[in-house]
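Q: Please take a close look at one buried position in a strand, and then use it as a starting point for describing how the rest of the chain is packed and paired. I would like the reasoning behind each statement where it can be given.

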Amino acid sequence: MTSSLTISGWNWLWPAVLAVSVAVLVLVWSYRASAGQPLRWVCLTLKALGIVALALCLLEPLWLGQRARPGANLFAVVADNSQGMQIHDSGDPLSRGDALRALVDPQKAGWPAALAATFDVRRYLFDARLQATKDFQELSFDGRSSAIASALRTLGERFQGRPLAGVLMLTDGNATDLAGATAPDLAGLPPIYPVVIGRRDAVHDIAVQQISVSQTSFEDAPVSLQADVTAAGYRGQPITARLVDRTGKTVQEQTTDARGDGEAFAFRFQLKPEQPGLSFYQVQVGARTELSPGTVPVVKTGEATLANNRRVIAVDRGQGPFRVLYVSGRPNWEFKFLNRAVATDEQVQLVALIRVAKREPKFDFRGRAGETSNPLFRGFGNQAPEEVQRYDQPVLVRLNTRDEVELRAGFPRQPEDLYGYHAVILDDVEAEFFAPEQALLLQKFVSERGGGVLMLGGMESFQEGKYLHTPIGDMLPVYLDRDEEGSAPPGPVHMQLAREGWLQAWARLRDNEADERARLEGMPAFEVVNRVRALKPGASVIATVRDDKGAELPGLAVQRFGRGRTAALMVGDVWRWGLRDPAAHADMDRAWRQLVRWLIADVPGRVQSTVEPVPADANGAVQVQVRVRDEKFQPVDDAMVTIDVEPVVFEGTAGAAGAPIKLEAEPAASEPGLYQATYVPRQTGGYKATATVKNNAGADLGRAEAGWSTDLAAEEFRSLVPNVALLEDIARKTGGQVVPAAELEAFARRLPQLRAPVMETWSYPAWHTPVMFAFALACLLAEWGLRRWKGMP
């Protein structure tokens, strides 16, 4: 605030003017004898100024101003307690936290006392939340985030309506709850005075910026992982990335040279987890010269921080068994090869229902006089009359069933019987095999239950099987009406991948294009192909078949249908592929496994658990969601769901496994059958949540696992250079200023003169000062000295 000069003795104005006027006239008259002297007017002026200064004292001039009333205003001092304060600037042996701790120590800095002399100082720490402190002794710099916007918003709410004069914020400005340099909502806040902690020059650091995980049905490498890494101060130096499992074993390791400062480069890993279900891996990065043989070094290297050198990844490959129902209208070679291929996958169970004889409506030919049963089953034990296979019933063979009851009545007619499978494969079986309610149930199996259906080519499949205008035909990805070119077999055809097929990992058998093209060229010709007119909207062609004339037809098509997926393989003699040679046989088996794996991918179980992050939560909270369905896959609203959450610990790393935390999930109002619970992680790393579901009678309904990883400091260490632009923006919009750390004491002494909610007026007599009298005396003495020097009268 500025001060002003005022006069309180206005009643002495005219006497003072009269006295000065008389004194000036007397001076002019007294200096008449000194005419011609060169210093005459100088002496006259000096003496006149001295007289005027003495006359002004009669008017009693005062200095007036305003200042913050001592003790009446509040002032907040907020210190950053996040892990970002552990960063060491280039060439500085002390961390930013050490510098901040020295700044707020009243034994080492004078500004806290100067500030407390005028203001009621309130001290706070902030990381993910704002908390009060007495003397900053609680500074530990282990906070997982720097929620600057949240801290300022909390301060505004806490001091609303109170005389808060300002906020002194000591931080590096790297906010984790703001995007870039965008200032938060600052309405209602007093002036903010940021103090930038840290230097603006670049630091030496290697950081894992982002990790993306994609899972495919590609048998050799079902999980693809990409780690985006940045390095500063390591241009051209080799950077190593390791992928390790929970036992500390190195799964893969790659090395590449660092690029320019801040420029991202990627490490790509492909792996096949050794165990089904949930697995956890850790990506570790560092300079090759600084990376120890076993793990990322725990000792300090040349980097600013090691907190961003690791990232945990959760990979869920699903826990079987996944049950697939194979339905065939006749015994054929396809099932033989398909069954052998799938048998090597421990997570997939292929259950077969094969018709060996069709239904015969008439009884003209019987084995013996008076016999109505099928003579094929004569002599196989003492069967009850209702269990005897009759001539008017198809003869079905069940293979790989779970027990003697499964599929005894043929293809399921009830949802609880069919929905126990994850996928259904139809091979050379006509539409009349299914009763109308069975066909509709199979369609609901896909659209509502989320299962998968694959139809294989054959003489009684697709159009030839009269699936047109049936519930099963309606969900296939191809049109089954008559082709304009007729239904004549196209003859020998060769299979090629379509453009979409090249993009789908499960459709390929080689890891590079050249080898894959060579494999396709070496495949044998197929003789049985069902011709279809076109694909339905939304369907994709994965593979095509080409005849000798160059005409192309769809060979494999897929589409989403409701919650599930359907596929149509128009080739009916895939088994020819396996007869070529052992290598071709292995390729065919692998293709079958990958196709089946794709078919059952993402098929939900009765109990399904997922983890979703809580939006805009600085503490990294997640919501564990459990969806519960009954045998008919209808929502269960009266279940009891408990969730056990436990942290995942990697061998060779710091930290100990904590005891699992039990959560009680509550039903969600937004969706029937959904139960959810919120969990706030306490440390960076991987977590596994195991949901146990019971009905209201206490019987088990199922279990489900879900895993996730959290890097609570990921945003905190995304940028290591202080965000000065953000702090300047906050200061400008609130009427504050950025205060250099070296000028804190001077700022604290100047602060009471700035505007505050509660001010007081101060006055100071300008006349009753040694300066005023010294000035008058100096003028008079100077005049006297000059006259004596020059010998003036």
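A: A677 is placed in strand 29, which runs over residues 674-679, in what is a predicted model. Its relative accessibility is 8%, and A677 therefore counts as buried, the limit for that class being under 20%. Once its neighbours within four places in sequence are set aside, A677 is in contact with V622, Q623, V624, I643, L663, E664 and A665. One of these partners, V622, lies 55 residues away along the chain, yet the C-alpha atoms of A677 and V622 are separated by 8.5 Å.

The wider setting of this strand is a protein chain whose secondary structure comes to 16 helices and 32 strands. Of the 793 residues in the chain, 48% are buried, and among the contacts between residues at least 6 apart in sequence, 74% join residues at least 24 apart.

A second buried position, this time in a loop, is N174, which is found between strand 6 (164-171) and strand 7 (192-196). With a relative accessible area of 7%, N174 falls under the 20% limit and so belongs to the buried class. Leaving out residues up to four places away in sequence, N174 touches R96, S146 and I148, and also E716, S719, L720, V721, P722 and N723. With V721 there is also a polar contact, in which the side chain of N174 reaches the backbone oxygen of V721 at 3.4 Å.

From single buried positions one can turn to the nonpolar cores. In soluble globular proteins, nonpolar side chains tend to be buried together. Here the largest nonpolar core has 82 residues, and the members that touch the most other members are L325, L418, L426, F434 and L442. Helix 13 (residues 582-600) supplies the largest share of this core, namely eight residues. Around F434, not counting residues up to four places away in sequence, the contacts are V327, F411, L426, V429, A439, Y467 and I472. Apart from this core lies another, of 31 residues, which includes A68, L103, I197 and A748.

Helix 1 shows how burial can be distributed around a single element. Its 18 residues (13-30) should span 26 Å at 1.5 Å a residue, and the end C-alpha atoms are indeed 26 Å apart, so expectation and model agree. Within helix 1, the residues A16, V20, A23 and L27 are buried. Viewed down the axis of helix 1, the buried residues fall within an arc of 65°, which means that they line one face of the helix. Helix 2 (40-59) is included in what covers these buried residues, whereas W14, L18, L25 and W29 are exposed on the other side of helix 1.

The charged residues add a further kind of pairing. Side chains of opposite charge can pair when their charged atoms come close. A search of the whole structure finds 30 salt bridges. One of them joins R101 to D98, with the closest N and O atoms 3.6 Å apart; the two residues are three apart in helix 3 (residues 96-104), so about one helical turn separates R101 from D98. R101, at 34% relative accessibility, counts as partly exposed, and D98 is also partly exposed, with a relative accessible area of 31%. Another salt bridge links R122 with D120, where the closest N and O atoms are 3.0 Å apart. R122 is partly exposed at 27%, and D120 is placed in that class at 30% relative accessibility.

The salt bridge between R330 and E460, with closest N and O atoms 3.1 Å apart, spans a long stretch of sequence. R330 lies in the loop between strand 15 (322-328) and helix 6 (333-343), while E460 lies in the loop between strand 19 (452-456) and helix 9 (471-474), so the pair ties together parts that are 130 residues apart in sequence. The two partners fall into separate accessibility classes, because R330 at 24% relative accessibility counts as partly exposed, whereas E460 at 12% counts as buried. Both R330 and E460 belong to a network of salt bridges that also links R355, K358, D428 and E430.

How values were computed
Residues numbered from 1 in each chain as written. Predicted model: local features only at pLDDT ≥ 70, side-chain atom pairs only at ≥ 80, totals over all residues. Heavy atoms only, no water. Helix = DSSP H or I, 4+ residues; strand = E, 2+ residues; numbered from the N terminus. Buried < 20%, exposed > 50% of the residue type's maximum accessible area, 1.4 Å probe, protein only. Polar contact = N/O pair within 3.5 Å; in protein donor to acceptor, adjacent residues only side chain to side chain. Contact = heavy atoms within 4.5 Å. Core = buried A, V, L, I, M, F, W, Y, C linked by side-chain atoms within 4.5 Å. Expected span 1.5 Å × (residues − 1). Arc of directions from axis to C-beta. Salt bridge = Lys/Arg side-chain N within 4 Å of Asp/Glu carboxyl O.
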